[in-house]
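Work through the exercises below with the sequence and the coordinates at hand. Each task is followed by a solution in steps.

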Amino acid sequence: MAFQLPDLPYDKSAFGEIISAETFDYHHGKHHKAYVDKTNGMLADAGLEGKSLVEVIKAAKDKGNKGLFNNSAQVWNHSFYWLCLSPTQQSPSGELAARIEDDFGSLDEMLAKFKDEAVGHFASGWAWLVLDGDSLKITSLHDADSPVAHGMKPLLTLDVWEHAYYLDYQNARPDYVETLLKKAINWEFVAQNLDGEGIGRADQKG
Ligand SMILES: [Fe+2]
């Protein structure tokens, strides 16, 4: 067994100009696939064959195996990111909407804070909405680092590596972040993640 590149949960042309099919060809078909292949190439030496992806990420972190940590965390982060996106515009509802109001004041406040974090994050990394203890929190992590390695429950992420937006937005990271937050978030998936479901859906057995 080895880790597999998961299929996109939508057609690669579904987002039109918001995220082009060409971006998916590179980002999913080349970048994400390379992280899967590199992770698989390191599992035997690390003695971690047959473990789940999240188990590999945590073990690689504990062992200080940076190469395996970076590649396996990128596999999981990207699998989670695809699930966070929807070509059908949605908005938060139910418990998620109530928690956003409680912790940020309003959805607009939360989105503004998320955008600031994503745009202000220096160089490569990921912006996250997480459940940390009992509170929603916005944070960003560098390079491949992932909330699953820090005991936080990830709810939503945006990839802010240049490879995520350069073909469609060139260097305009703020436009990429704002457009996706307004038009392309799968809030139904984000709500499911309050119970930790997304951690498992982006995980797989190696
Ligand atoms: Fe990426």
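## Exercise 1: The sheet

Task: In the predicted model, determine in which order the three strands of the open sheet lie and in which sense they pair.

Solution. Step 1: the three strands make an open sheet with the order β2-β1-β3, and their pairing is antiparallel. Step 2: β2 (135-142) and β3 are the edge strands, as each of them pairs on one side only. Step 3: from one strand to the next, the twist averages 25°.

## Exercise 2: Bridges and register

Task: State how many bridges join β1 and β2, and how many join β1 and β3. Then find the bridge partners of Val130, Gly125 and Leu129.

Solution. Step 1: β1 and β2 are antiparallel and paired over eight bridges. Step 2: Val130 has Lys137 of β2 as its bridge partner, Ala127 stands opposite Ser140 in β2, and Gly125 is bridged to His142 in β2. Step 3: between β1 and β2 there are two residues, and the two strands form a hairpin. Gly133, in the turn, has a positive phi of about 70°. Step 4: strand β1 (residues 125-132) pairs with β3 over six bridges, again in the antiparallel sense. Leu129 has its bridge partner in β3, namely Leu156.

## Exercise 3: Cover on an edge strand

Task: Decide how many residues of strand β3 (residues 153-159) are buried, and name the helix that lies across β1 and β3.

Solution. Step 1: count a residue as buried if 20 or more other C-beta atoms lie within 10 Å of its own. Step 2: by this count six of the seven residues in β3 are buried, and the strand is mostly covered. Step 3: helix α3 (residues 66-84) lies across β1 and β3, and runs at about 85° to β3.

## Exercise 4: Two domains

Task: Give the bounds of the domains in the chain and describe the side of domain 1 that touches domain 2.

Solution. Step 1: the domain assignment gives domain 1 as 21-84 and domain 2 as 94-201. Step 2: their C-alpha centres lie 20 Å apart. Step 3: in the contact between them, 19 residues of domain 1 meet 22 residues of domain 2. Step 4: α1 (21-46), α2 (53-63) and α3 each supply at least two residues of the side of domain 1 that touches domain 2. Step 5: α3 gives the largest share of that side, ten residues. Step 6: by type, the residues of that side are ten nonpolar, six polar and three charged.

## Exercise 5: The whole chain

Task: Why does the radius of gyration of the chain agree with that of a compact globule?

Solution. Step 1: a compact globule of 206 residues would have a radius of gyration near 17 Å; the chain has 16 Å, so the two agree. Step 2: along the principal axes, the C-alpha atoms fill a box of roughly 50 × 40 × 30 Å. Step 3: 36% of the 206 residues count as buried. Step 4: of the contacts with a separation of 6 or more, 70% are between residues 24 or more positions apart. Step 5: the chain holds nine helices and three strands, and from the N terminus on its elements run α-α-α-α-α-β-β-β-α-α-α-α.

## Exercise 6: One residue

Task: Is Glu197 buried or partly exposed, and in which helix is Glu197 found?

Solution. Step 1: Glu197 is found in helix α9 (residues 197-201). Step 2: within 10 Å there are 14 other C-beta atoms, so Glu197 is partly exposed. Step 3: Gly41 is 156 residues from Glu197 along the chain, and the C-alpha atoms of the two are separated by 28 Å.

Notes
Residues numbered from 1 in each chain as written. Predicted model: local features only at pLDDT ≥ 70, side-chain atom pairs only at ≥ 80, totals over all residues. Buried ≥ 20, exposed ≤ 12 C-beta atoms within 10 Å, placed from the backbone. Helix = DSSP H or I, 4+ residues; strand = E, 2+ residues; numbered from the N terminus. Pairing = 2+ DSSP bridges. Axes fitted to C-alpha atoms, helices over the stretch in contact; angles between N-to-C directions. Contact = placed C-beta atoms within 7 Å. Rg over C-alpha atoms; globule rule 2.2 N^0.38 Å. Domains from an automatic or database assignment. Nonpolar A, V, L, I, M, F, W, Y, C, P; charged D, E, K, R; others polar.
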